[in-house]
Amino acid sequence: MNLNAVIVGHVDHGKSTLIGRLLYDSEALPEDKLAEIQKLLEEYKKRFEFAYFLDSFEEELKEERTIDTTRVLFKGKNYYTIVDVPGHKEFIKNMLTGACHAQVAILVVSAPDGVQEQTRRHAFLVHLLGIKEVIVAVNKMDLEGYEQGAFERVKAQTTQLLSSLGYTEPRFIPISAMEGDNVYKPSGKMDWYRGPTLIQALDEIEPEMAGEKPLRFVVQDVYEVDSEKITVGRVESGTLRRGDELLFQPSGVVAEVTKIKVFPAEVEEAGVGESIGIVVGDGPRRGDVAAHKASPPAVTSSFLGEVALLEGTLSRGERLEMKCGTKRVDCLVLEIRERINSETGEVMGKGVEQIGANEAATIVFQTEPMVVEKFSEIPELGRFILAKGGKNIAAGVILEKGI
Amino acid sequence: MLDLKDLENRSIYIVRETYAEFEKPAVLWSTGKDSTTMLWLCRKAFFGRIPFPVIHIDTGYKFKQMYQFRDDLAREWGLDLVIAKNEEAFAQGVGPKEGKFECCTKLKTEALRRCLEEHGFDALILAIRRDEHGIRAKERYFSPRDENFRWDYKDQPLEMWDQFQGLLGAGTHMRVHPILHWRELDVWEYVKQEGIPVNPMYFAQNGKRYRSLGCEPCTSPIESNAASIDEIVEELKTTKIAERAGRAQDKEKTFTMQKLRALGYM
């Protein structure tokens, strides 16, 4: 099993250091990596930091900050893909790029500093991304003499923040990434703490099993191979079986699946995540979503979404490109219902004309006909990217369709 | 072990997105295990026949077994092979002795740049992986290069939920990295599972084998007795030696790989 965990939190609260420590203590590093870093440090006259296992750009070493996201594979009881993200506000798009496939977020909060601006913003974005599990690592306990009082103070602050976002029972672990306490190895310095180490807490997570959802198959393309039309795409939810009758939307094609092809063979059925080819005759095209008639995909041309804007501005009446599944459509910003502070989640205005970079908003979009789903029901078709002049500028999730 | 089926499904999805979204894609093939796996995934994505050209960058310094392997497989799989070679620099005697940075830039990056110019490719599929090198770990699946071939690593695009950045202007191109999330061990497990042909240089002879293949003057074998795929898989499960330990261009100076890649190196 592989679990994706993203490490989030404020600048300098110790995200990269934490991952460096995990790699180091689990002896997952190649022999020459430490020597390579020692050489670098001499050349650049820097003190050793565990973060340098992750921060591999010259600028990251010189400026002592993470610029872009990295991921490493790490083995506990399970395999973990651990994603490091930058803490600076200017790199939020890199943070989202790293965090978007995570099932678990580890929120790092420095014990001496407590909850700060990016702690709040990252927590808000983790919530927006629909990440259900949050573990809070209260870091730098060594700087607080490993005292319980410091831990409890930060715990109270963070509990308040997280409960406002709907996280009712996050797990709190006092750690020192620098000294290695309660990360991979249990600490001998905090007798008052009886809970798991970070790695044990990860091992205890049971990933949520997606219940059987209705079939959604997104069409990527149609190929002609040896004069047979093969419609290729991915099963995003449910199960597709040979012999099924499918409805494709928005093209409206109804057809029976006569073959499911996975080169060089044919298979009887395909489940979530599988990239397959199906033979259904002529008609479907890129951007279509196929489903069974019993739970058909609804075609919509307007919906309410919650959007995080990463750069530039977004105004009422503006037209942009929207990407959802394999569909690319023009969309219109019909109404900006609420302008939201992405640090606090606070509504800063209703019925506004414009939002700016690093703000969030609930927006009513008008689009060409397309198939979307509510993010809470089928997330794979309930999330979208907005592009302006070809550039990806915002990410959003669908709250209500057919507004 | 990671689920090879998950890795494969995601890679095939990315290859098909590339073919759907770009006008003139091509795939790069060094003849090594990763890019040969990449070709295999392309064959799977398109049900046997790769519908775009396969570029081999020929520095003139590759091992002769690599040329042999290339020509044999190109014939067997019916590849539309395009050889990219900077004949001019090679004729002038450019080589690793005058500096590896310059050699790699002229014989690889510049050869590729000319090939792109000549054929008008707008997307290049490459088989780099995150676990190979810290700089490659920072990459996106879809990574734009500007008209001067440069990688703006300080301002990379937003890439979420398999929604990828498109091209941003004339003369630019996209680097596409469908197996970015695979590890070295996964590649070998997959090679075994699928029966993908690999160059015999990967298998140990007289206590040495090549773990990563490049140009003859800059690539050294490692100490190993792994003479079969099973033995390689076992070796990788316990090794503490980095995969590219035998690749000289990574190590000449600090941040060489970053500087090479910023200029458009693979």
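Strand 4 (residues 104–110) and strand 5 (residues 133–139) of chain A run parallel and are joined by 7 bridges. Helices (H or I, at least four residues) and strands (E, at least two) are DSSP runs, numbered from the N terminus. In this pairing, A:Ser110 stands opposite A:Asn139 in strand 5 of chain A. Helix 6 (residues 148–164) of chain A packs on the sheet, where it touches strand 4, strand 5 and strand 6 of chain A. The direction of helix 6 makes about 150° with that of strand 5 of chain A; axes are lines fitted to C-alpha atoms, for helices over the stretch in contact, and angles run from 0 to 180 degrees between N-to-C directions. Two residues are in contact if their C-beta atoms, placed from the backbone, lie within 7 Å.

This is a predicted model, in which local features need pLDDT of at least 70 and side-chain atom pairs count only at pLDDT 80 or more, while totals for chains, interfaces and linings use all residues. Residues are numbered from 1 along each chain as its sequence is written, and chains are lettered from A and ligands numbered from 1 in the order in which they are written.

**Two sheets of chain A**

Two strands pair if DSSP finds at least two bridges between them.

| Strand order (chain A) | Number of strands | Pairing |
|---|---|---|
| 2-3-1-4-5-6 | 6 strands, open sheet | mixed |
| 11-10-16-7-8-15-12-13 | 8 strands, open sheet | antiparallel |

In the antiparallel sheet, strand 11 (254–256) and strand 13 (265–267) of chain A stand at the edges with a single partner strand each, so one side of each has no neighbour in the sheet. The twist there averages 40° from one strand to the next. Strand 8 (residues 228–237) and strand 15 (residues 275–279) of chain A run antiparallel and share 4 bridges, with A:Val232 opposite A:Gly277. Helix 1 (residues 4–21) of chain B packs on this sheet, touching strand 7 (216–225), strand 8 and strand 15 of chain A.

**Core and buried helix**

A nonpolar core is a set of buried Ala, Val, Leu, Ile, Met, Phe, Trp, Tyr and Cys residues joined through C-beta atoms within 7 Å. A residue is buried if 20 or more other C-beta atoms lie within 10 Å of its own, exposed if 12 or fewer, and partly exposed in between; C-beta atoms are placed from the backbone. The largest nonpolar core has 112 residues, and A:Ala99 is among those that touch the most other members. Residues touched by A:Ala99 include A:Val6, A:Val83 and A:Leu125. In helix 4 (residues 92–99) of chain A, 8 of 8 residues are buried. Its buried residues pack against elements including strand 1 (2–9) and helix 5 (117–128) of chain A.

**Contact between the chains and chain B**

The contact takes 44 residues from chain A and 42 residues from chain B. On the side of chain A that touches chain B, helix 2 (residues 31–44) of chain A gives the most, with 5 residues. The predictor gives the complex an ipTM of 0.90 and a pTM of 0.91.

Within chain B, B:Val176 lies in strand 6 (residues 173–176) and is buried, with 24 other C-beta atoms within 10 Å. The C-alpha atoms of B:Val176 and B:Leu126 are separated by 6.0 Å, although the two are 50 residues apart along the chain.

Chain B has a mean pLDDT of 89, and 96% of its residues reach 70 or more; pLDDT is the predictor's confidence in each residue, from 0 to 100.

Key: Lists of a residue's contacts leave out its neighbours within four places in sequence.
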